[in-house]
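Work through the following exercises with the sequence and the structure at hand. Each task is followed by a solution in steps.

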Amino acid sequence: MDIMEKLTILTNSAKYDVACTSSGVDRGGAPGSMGSTVGCGICHSFASDGRCISLLKVLMTNYCIYDCQYCVNRCSNDTKRVAFTPEELAELTMAFYRRNYIEGLFLSSGILKSPDYTSERLLKTLLLIRNKYHFRGYIHVKAIPGTDPALLTKLGMLADRMSVNIELPSQKSLRQLAPNKSKNDIFAPMKLLTSSIRQNSYDLAHYKSAPAFAPSGQSTQMIVGASPESDFQILSLAQGLYQKYRLKRVFYSAYMPVSDNPLLPARGTKPPLLREHRLYQADWLLRFYGFKAEELLDEEHPNMNPLMDPKCNWALNHLELFPQEVNTAPYEMLLRIPGVGVKSAKRIMTARRNGSLSFEDLKKIGVVLKRAQYFITCSGKLACGLKITQDGVMRALIGDKLPAENKPEQLSLFAPSAMLLKGEIRQCLGVRT
Amino acid sequence: MPWRTDVVYLYDGTLQGLLTCVFESFSCKELPMHIYTQEECELSLFTAKWVDTDEEKARRVWESIPKKISTRARQLVLQSFYTCLPDKERHILDFLRLGYAAGPSVTERITDERVFVLQKAVKHLLNEAHLLKGFLRFSIHGNVMVGVIEPKNYALSLIAEHFCNRYPEESFLIYDKTHKQALVYQSYQAVILQLDSFEIPKEGEEELRYQRLWQRFYDTVGVEGRYNPKCRMTHMPKRYWGNMVEMAPRENHSDAYADKPAFTSLTA
Ligand code: SF4
């Protein structure tokens, strides 16, 4: 079969994986080889859905012996099956890379014959790319649940990032919808990756020549809206993964219905894009803003407010802490002001050393005054003519029209704050700013 | 004696030329209304004074910046020089005057208009250079890789290192159509040349085959249920599309910009 058809089928079955980044490791080029990686990652294109294309994202094969209900590649789904050979895929990756179409390869696979057999083929591909073609660009490879740890270790020595997708955020859903996978199948390789990465960073610190194991770390993905878990459950799980497993990223993927299973949303149901977006915003707050999942949500409010971003929502519920005086507030508190991002908080710290800041100055610094004005004073003064009541602020922040759930077009009404959407997230998410 | 301001400087458009103008300004106590290159020069009410580029004077100014201000300030000056900020020469002079008076803290005065205007322009430049590292497309002709860009800023100097480092064993040419400059890299050596025109050679069969494969990947990877052309436009402004393989009209279909995935979902 020709490569064009294989590429089409194996891209089509890989596209629901949302991880798109090539970030996390800075590795310059070297004579005799091709390629480099850039710490902040590079987007090479943007697809028709607005998401960043950074890596050649394909499956090794869409044959699969498992029957995960939410997945297009499940064995019970009647669809055409194909497989790349390691040679074909290595050649294609190099040809695309040389033309500067991509930063590298994101390789995943359905399970052909057995997890080990599948991982062997992934390994063979990576060996070709790294050793025959001397490729120094980015490689993200999936750890197939159930694979022999020795094989996973070999893959980790060749890849920049590895991931095991959790997909369903609870054991119960997993049991119902992914009958061939147990919780342990997923967490065992995750644990192994965590300890290998940790051990490796120790080795690297002690012996400069130690080979690097997945230097850009480990990530995972959870499907949102396929099963009944709340935002609070999902976010708490993510927080645990960041803390316990030292994950670099948790990705959230709004479920696109691909099955008639009565336990899943029917075909034609719109993917919960707004919910996915809120989860990314909250995730950002966990990683860069010092928030805890329990501060944003709790048992009584287990789901995100669709009307406003989680930081605004938090601030409105803690009006007793505001307004903050921009010229004296500590960094941690600046970060909690809606409309102030990590960059602008740092710039405020720098700029205020040279004299006190006015509202006009804050604009230059990049603060989104439209939201921040309700929560700050500059040298004791509020922005002109503002009255602060919870209700009034809320109305001002969300505008007068109420957006409907599942309508991402409406996002612009309460413009997801610039600070939450900087960089990676903006590019990966495909959300409007 | 107050500084004379009713004068316009003309220079050759090089960094050294501009640094010589800075020297001239201080030594003659002149604050030129504008500093122009020859092309920009229009009839003006003011005396136009041609400033000859002088390597020694330029060097003295260049070395004084880290000594009297900071290395960060010098980097800002250099990067500002590559921007498309109108009247950038005059803004750079203003910044240096402030810097010589204020010292190393000048780059922290991010709310001072003289600093802000340069930092904003540089941000635009760096952003454009970053995007080009991703959006630039090479086509391969024999053994030579060729790419064309049309940046607003003089971004070529900023992306040169990235590409030379990434493809050390290759030979390539990147043509900046806006500023008519070419980066040529071969055998671990890179130069930037003035090049008045350049046409991409016709593609061979293999090149076309990979272009088609890339287009197919592009057409397939977007998720239909998340179609969002506005978002795409925000991240990848239309002005870059003209030089990108995947945004070129398809041979066999009518949807010129691959608006919809060509291959309908396997499971639909
Ligand atoms: S094992 Fe992976 S590819 Fe196979 S059905 Fe489950 S999710 Fe899909």
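Helices, of at least four residues, and strands, of at least two, are DSSP runs numbered from the N terminus. By this rule chain A has 16 helices and 10 strands. The model is predicted.

**Exercise 1. Determine whether helix H1 of chain A is enclosed or open, and identify what surrounds it.**

Step 1. A residue is buried when its relative accessible area is under 20%. Nine of the 10 residues of H1(A), which spans residues 3-12, meet this condition. Among them are A:Ile3, A:Met4, A:Leu7 and A:Leu10.

Step 2. The buried residues of H1(A) pack against strand S3 (55-59) and helix H2 (86-98) of chain A, and also against helix H7 (205-221) of chain B.

Step 3. Because nine of its 10 residues are buried, H1(A) is largely enclosed by the rest of the structure.

**Exercise 2. Describe the largest nonpolar core and state where it lies in chain B.**

Step 1. In soluble globular proteins, nonpolar side chains tend to be buried together. The largest nonpolar core here has 163 residues. Those with the most contacts inside this core include A:Leu56, A:Phe96, A:Tyr252 and B:Phe172.

Step 2. H2(A) gives the most to this core, namely seven residues.

Step 3. Domain 2 (136-194) and domain 3 (204-268) of chain B both contribute residues, so the core lies between them.

Step 4. Apart from this core lies another, of 32 residues, including B:Ile65 and B:Val106.

**Exercise 3. Characterise the contact between chain A and chain B.**

Step 1. Chain A takes part with 74 residues and chain B with 63 residues. Between them the two chains bury about 5,900 Å², 58% of it on carbon and sulfur atoms.

Step 2. A:Ser48, A:Arg98 and A:Arg99 supply 13% of the area that chain A buries against chain B, more than any other three residues.

Step 3. Six salt bridges are counted between the two chains. A:Arg99 and B:Glu207 join their side chains in a salt bridge, at 2.9 Å from N to O. On the side of chain A that touches chain B, H1(A) gives the most, with seven residues.

**Exercise 4. Which distant parts of chain A are linked by the salt bridges A:Lys142 to A:Asp17 and A:Asp160 to A:Arg27?**

Step 1. Side chains of opposite charge can pair when their charged atoms come close. The closest N and O atoms of A:Lys142 and A:Asp17 are 2.5 Å apart, and the two residues form a salt bridge.

Step 2. A:Lys142 lies in strand S5 (residues 138-142), whereas A:Asp17 lies in the loop between H1 and S1, 125 residues apart in the chain. A:Lys142 has a relative accessible area of 8% and is therefore buried. At 10%, A:Asp17 is buried as well.

Step 3. A:Asp160 and A:Arg27 meet in a salt bridge at 2.8 Å, N to O. A:Asp160 is in the loop between H4 and strand S6 (161-163), and A:Arg27 is in the loop between H1 and S1, 133 residues apart. Both A:Asp160 and A:Arg27 are buried.

**Exercise 5. Classify B:Glu30 and B:Lys49 as buried or partly exposed.**

Step 1. The side chains of B:Glu30 and B:Lys49 meet in a salt bridge at 3.0 Å, N to O.

Step 2. B:Glu30 has 5% relative accessibility and counts as buried. B:Lys49, at 22%, counts as partly exposed.

Step 3. Both residues belong to a network of salt bridges that also links B:Arg4, B:Asp6 and B:Glu24.

Key: Residues are numbered from 1 along each chain as its sequence is written. Chains are lettered from A and ligands numbered from 1 in the order in which they are written. This is a predicted model: local features need pLDDT of at least 70, side-chain atom pairs count only at pLDDT 80 or more; totals for chains, interfaces and linings use all residues. Side-chain values use heavy atoms; hydrogens and water are left out. Buried means under 20% relative accessible area, exposed over 50%, partly exposed in between (1.4 Å probe, protein chains only). Contact means heavy atoms within 4.5 Å. A nonpolar core is a set of buried Ala, Val, Leu, Ile, Met, Phe, Trp, Tyr and Cys residues joined through side-chain atoms within 4.5 Å. Domain bounds come from an automatic or database domain assignment. Buried area is the accessible area (1.4 Å probe) that two parts lose on being put together, summed over both. A salt bridge is a side-chain nitrogen of Lys or Arg within 4 Å of a carboxyl oxygen of Asp or Glu.
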